[in-house]
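Take a look at the chain shown below. Keep it in view as you read this short report.

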Amino acid sequence: MNRQNILVLVLLVFLCVSWEMKEASAASFPWSCNNFSGVCRPMCLPSEMHFGPFGCGKGFLCCVSHF
């Protein structure tokens with residue numbers, strides 16, 4: 001095969017894998033808020049740092065008070 005065909009094949013495989021990851025978004029993050037000793041809240045307290053929605057439901061953030 002020439003390089004152009006290989007490049008198209010690799011691109012198609014990458015798109016298929018990324019589509020599967022999008023469908024199973026919970027599997028894309030192997031860690032959760034509990035790993036950071038955090039609490040899922042809709043809004044973090046001023047004394048807490050937020051680490052995004054790792055392991056929390058939709059609309060909730062992982063709030064961690066200390067490291």
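## A first residue to find

Is Cys33 buried or exposed? Cys33 is buried, because its relative accessible area is 3%, under the 20% cut-off. Keep in mind that this is a predicted model.

## How confident is the prediction?

The pLDDT averages 76 over the chain. A score of at least 70 is reached by 70% of the residues. The elements of the chain do not score alike: S1 has the highest mean pLDDT, 91, and H1 the lowest, 69. Residues 22-28 fall below 50. Beyond near neighbours in sequence, that stretch has one contact in the model.

Where pLDDT is low, the predicted coordinates should not be read in detail.

## The annotated domain

UniProt lists residues 32-63 as "domain: Beta-defensin", in an unreviewed entry. In the model, this range is 25% strand and 0% helix. The C-alpha atoms at its two ends are 11 Å apart.

## The sheet

Three strands form an open sheet. Their order is S1-S3-S2, and the pairing is antiparallel. S1 and S2 stand at the edges, each with a single partner strand, so one side of each has no neighbour in the sheet. Strands of a sheet pair through backbone hydrogen bonds.

Now follow S1 against S3. These two strands pair in the antiparallel sense over three bridges. Arg41 has its bridge partner in S3: Leu61.

## Three disulfides

How many disulfides does the structure hold? There are three. A disulfide is a covalent bond between the sulfur atoms of two cysteines. Number the bonded cysteines in sequence order, and the pairing reads 1-5, 2-4, 3-6.

Start with Cys33 and Cys62. Their disulfide has an S to S distance of 2.2 Å. The link is right-handed, with 90 degrees about the S-S bond. Cys33 sits in the loop between helix H1 (3-23) and strand S1 (39-41), while Cys62 is in strand S3 (residues 61-64), so the bond ties together parts that are 29 residues apart in sequence. Cys62 is buried, because its relative accessible area is 0%.

## The other two links

Cys40 and Cys56 come next, with sulfur atoms 2.1 Å apart. Cys40 belongs to strand S1 and Cys56 to the loop between strand S2 (49-50) and S3, so this disulfide ties together parts that are 16 residues apart in sequence. The torsion about the S-S bond is about -80 degrees, so the link is left-handed. What about exposure? Cys40 is partly exposed, at 36% relative accessible area. Cys56 is buried, at 14%.

The remaining disulfide joins Cys44 to Cys63, S to S 2.0 Å. The link is left-handed, with -90 degrees about the S-S bond. Cys44 lies in the loop between S1 and S2, and Cys63 is in strand S3, so the pair connects parts that are 19 residues apart in sequence. Both Cys44 and Cys63 are buried.

## Two residues in the S1-S2 loop

Leu45 is found in the loop between S1 and S2. Leu45 counts as partly exposed, because its relative accessibility is 41%, between the 20% and 50% cut-offs. Compare the positions of Leu45 and Cys63. They are 18 residues apart in sequence, and their C-alpha atoms are 7.8 Å apart in space.

Glu48 lies in the loop between S1 and S2 too. Which residues does Glu48 touch, not counting residues up to four places away in sequence? The contacts are Arg41, Cys63, Val64 and Ser65. With Arg41, Glu48 makes a polar contact from side chain to side chain, at 3.2 Å. Glu48 is buried, because its relative accessible area is 13%, under the 20% cut-off.

## Putting it together

Strand S3 is a good place to end. In the sheet order S1-S3-S2, S3 stands between S1 and S2. Cys62 of S3 bonds with Cys33. Cys63 of S3 bonds with Cys44. Cys63 is also among the residues that Glu48 touches. Leu61 of S3 is the bridge partner of Arg41, and the side chain of Arg41 is in polar contact with that of Glu48.

Conventions:
Residues are numbered from 1 along each chain as its sequence is written. This is a predicted model: local features need pLDDT of at least 70, side-chain atom pairs count only at pLDDT 80 or more; totals for chains, interfaces and linings use all residues. Side-chain values use heavy atoms; hydrogens and water are left out. A disulfide is a pair of cysteine sulfur atoms within 2.5 Å. Helices (H or I, at least four residues) and strands (E, at least two) are DSSP runs, numbered from the N terminus. Buried means under 20% relative accessible area, exposed over 50%, partly exposed in between (1.4 Å probe, protein chains only). UniProt positions are given in the numbering used here, feature names are shortened, and annotations may be inferred rather than shown by experiment. Two strands pair if DSSP finds at least two bridges between them. pLDDT is the predictor's confidence in each residue, from 0 to 100. Contact means heavy atoms within 4.5 Å. A polar contact is a pair of N or O atoms within 3.5 Å; within protein, one must be able to donate a hydrogen and the other to accept it, and residues adjacent in sequence count only if both atoms are side-chain atoms.
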